[in-house]
Amino acid sequence: MVTGVRQLTWSAAEILALATKAARGAGAPPAQAARFGQVAPLHLMAGRKTELLAEALDALPDGPVLSYPLAIDRALTALAQGHEAEIAGVPFDELLESYVDTVPFAAEVTHKTQGHVALQVDFAVPRAPAVLHRISGCDALIALMLGLAARTFVPESDQSRKSGAGAGLTDND
C-alpha cells in the first residue's frame, strides 16, 4: 500500500547544472551564470529561502547574479592587498551569504549593518568542502529554472539542422 507521494530530490550536481543553464537563459554572462550555478546548491542545502534564487533569476540581466560576485571579488582583492574588506554596493541577505560560501578560503561576513557588510577571510585556511546531500522541496524553483534553461536550446528547424545543430541525418555512433 502506498501511503504518500514520493518527493522528487535533486543532487547538488543537477542543481548546479540547471541553475547555470537557467541563468544563461535569463541573460547572465557565462562567468556569472557559472557562479550562480555554484551558489544554488549551497543555498538550497543550507535551507535558505528558495525565493531569493528565483528573484535573482527574475532580475536578470541585472541584479544579484551580476552584482554579488563582483562585489565579493572587489572585497577579496582589497583583502589580498591588506585593506579592510567591505562588500560594497549590495544588501546583506541569505543569497549574499551563499555567494560568500563559494569563496575557496575560510570566509565569513563579520559585520552586517545597513549599507555595511564586512568580509573576513583567512587565505591560509582552505574552505572545508560542503557536505553534499539530496535537495528537495524546491519544485517551484526547479520549474522556473527548467523554463529559463529551455531558452538556451537551439530551435528545432530545418535551418538549425543545416547549420549543424542536432545529430544530423547520418548519425551512426
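Does Arg35 count as buried or exposed, and at what relative accessibility? Before I answer, let me say that what we have here is a predicted model, and that I will keep to the salt bridges and the nonpolar core. At 18% relative accessibility, Arg35 counts as buried, because the cut-off for that class is under 20%.

The side chain of Arg35 is nevertheless paired, since it meets that of Asp73 in a salt bridge with an N to O distance of 3.0 Å. This pair links distant parts of the chain, with Arg35 sitting in helix 2 and Asp73 in helix 4, 38 residues apart. Asp73, for its part, is partly exposed, with a relative accessible area of 32%.

The structure holds 2 salt bridges, and Arg48 forms one with Asp101, where the closest N and O atoms are 2.8 Å apart. Here too distant parts of the chain are linked, from the loop between helix 2 and helix 3, which carries Arg48, to the loop between helix 5 and strand 1, which carries Asp101, a separation of 53 residues. Arg48 is buried at 17% relative accessible area, whereas Asp101 is partly exposed at 24%.

Turning to the core, the largest nonpolar one has 48 residues, and those with the most contacts inside it are Phe36, Ile87 and Leu119. Among the elements that give two or more residues to this core are helix 2 (30-45), helix 4 (64-80), strand 1 (105-113) and strand 2 (116-126). If we leave aside neighbours within four places in sequence, Ile87 is in contact with Ala71, Ile72, Ala75, Leu96, Val100, Val117 and Leu119.

Note on methods:
Residues numbered from 1 in each chain as written. Predicted model: local features only at pLDDT ≥ 70, side-chain atom pairs only at ≥ 80, totals over all residues. Heavy atoms only, no water. Core = buried A, V, L, I, M, F, W, Y, C linked by side-chain atoms within 4.5 Å. Buried < 20%, exposed > 50% of the residue type's maximum accessible area, 1.4 Å probe, protein only. Helix = DSSP H or I, 4+ residues; strand = E, 2+ residues; numbered from the N terminus. Contact = heavy atoms within 4.5 Å. Salt bridge = Lys/Arg side-chain N within 4 Å of Asp/Glu carboxyl O.
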